[in-house]
Amino acid sequence: MSLRELLSVILLIPTVTLGVSTAMVTEAFTRVTTCDDFTTSLSVTVLTQTECAVACAGQDWCKSFSVTTKVPRLCYLHDAYLKTGVCEGQHRHYNDMNNPCFHGGDYDVSNRTCICYGGYVGDYCERLMQDCSEGNLYSYYVNQKGNFLCHPNGAPKPIKVHCNMEFGGRTVLTTQTSGKENFTRTWEEYKTGFGSLSGDHWLGNDNVHYITSGRSQNLIVELWTPGTDIVHILAQRFYRDFLVGPEVDDYVMTFSSSSPNTEWVQSPAGCFVNATPFSTPDVDRSSGAAGLTQSGFWHANPPACNPTGQLRPTDISWGGDKTDVFWQDGIGGDAVTKICLYIIYESC
């Protein structure tokens, strides 16, 4: 703490509160400037600024106080934190440093609520969100894109994920935009995840299992193709009730139904086969499809798509190489120049 910050803090040690018997009072207050109308609070006359702080510390309900800078000093006690402003006037103002918000949250004194960060939610930032869809329900996360912590029901520990807090709040399962990340990986690497959460990556099969098992989820496959405008470029397919089992069941993937998003010109056909186990080149449960695609996924045989192949973002059309990222039917033979798979709680 700097000297300036130290001088702006009042630290009280065992002392005597105003009008009450001797009590153990350990309290810290930090000075703020405010434009709040604090004069509606009851006031008492005090000799010093510290005496006003002692009075506040002696009341469980007191969150802040204001005191005049000139004699006679009037002391105002407040039951809420003062909001920072630039209207100093003839008073000095202090907030109790015992912030009610956990995990680094900020107290919004205007609404008497906590503003949380990093994936924490709740009235006092006391817990982590289950997934990005839950985070999207809180105004302080809306429209954010970034890395957050979540803790799905049943997961043994928090999971770091990349969230797109738009359109219902999406948890990124995998994305490829640059073509620079190698997706020819082992079973163990797909299990734990790889790549950069802020860029091309695979979230990890254990993590996907916990997120989809925690509560009912859907999957959105989003393909970008070399069209002339967004209506022709973007293609999406929805998979409802998307669920991935544990490793002991080979991370088997199930869903109840699927359909394309008809808002776009492109209509990618169904590629996933229900109740398909996960496969990688070194642990192949696909009767050879993982060897053909040289990637890990819930591959059917023969593969009709390869979401984890080699991305070629400058190609115009797909040349037939099944080690590339491709979607065989429904996009007119176009190359896939970007692909994202999102997990979302909200109904498709």
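These are my notebook entries on a few residues, strands and salt bridges that I looked up in this predicted model.

**Threonine 212**

I began with threonine 212, which I found in helix H5, a run covering residues 205-214. Threonine 212 has a relative accessible area of 4%, so I entered this residue as buried, the cut-off being under 20%. I then followed its side chain, which reaches the backbone oxygen of valine 208 at 2.8 Å and the backbone oxygen of histidine 209 at 3.3 Å. Setting aside residues up to four places away in sequence, I listed Gln217, Phe242, Leu243, Val244 and Ile343 as the residues that threonine 212 touches.

**Strand E18**

I next looked up strand E18 (residues 218-224), where six of the seven residues are buried, so the strand is largely enclosed by the rest of the structure. I noted that E18 pairs with strand E25 (residues 338-344) in the antiparallel sense over seven bridges, and that E18 also pairs with strand E19 (residues 234-240) in the antiparallel sense, over six bridges. Isoleucine 220 served as my reference point: it stands opposite tyrosine 342 in E25, while in E19 the bridge partner of isoleucine 220 is phenylalanine 238.

**Salt bridges**

I recorded a count of ten salt bridges and went through several of them. Arginine 170 forms one with glutamate 222, with the closest N and O atoms 3.4 Å apart. Because arginine 170 lies in strand E15 and glutamate 222 in strand E18, this pair ties together parts that are 52 residues apart in sequence. I noted that both arginine 170 and glutamate 222 are buried.

Glutamate 166 forms a salt bridge with lysine 145, the closest N and O atoms being 3.7 Å apart. I placed glutamate 166 in the loop between E14 and strand E15, and lysine 145 in strand E13, 21 residues apart. Glutamate 166 is partly exposed at 23% relative accessibility, whereas lysine 145 is exposed, with a relative accessible area of 57%.

I also looked up arginine 285 and aspartate 250, whose side chains meet in a salt bridge at 3.1 Å, N to O. For arginine 285 I wrote down a relative accessible area of 42%, which is partly exposed. Lastly, I noted that Glu181, Arg185 and Glu189 are linked in a network of salt bridges.

**Proline 158**

I closed with proline 158, which sits in the loop between strand E13 and strand E14 and is partly exposed at 41% relative accessible area. Leaving aside neighbours within four places in sequence, I found proline 158 in contact with Leu128, Leu149, Cys150 and His151.

Notes
Residues numbered from 1 in each chain as written. Predicted model: local features only at pLDDT ≥ 70, side-chain atom pairs only at ≥ 80, totals over all residues. Heavy atoms only, no water. Helix = DSSP H or I, 4+ residues; strand = E, 2+ residues; numbered from the N terminus. Buried < 20%, exposed > 50% of the residue type's maximum accessible area, 1.4 Å probe, protein only. Polar contact = N/O pair within 3.5 Å; in protein donor to acceptor, adjacent residues only side chain to side chain. Contact = heavy atoms within 4.5 Å. Pairing = 2+ DSSP bridges. Salt bridge = Lys/Arg side-chain N within 4 Å of Asp/Glu carboxyl O.
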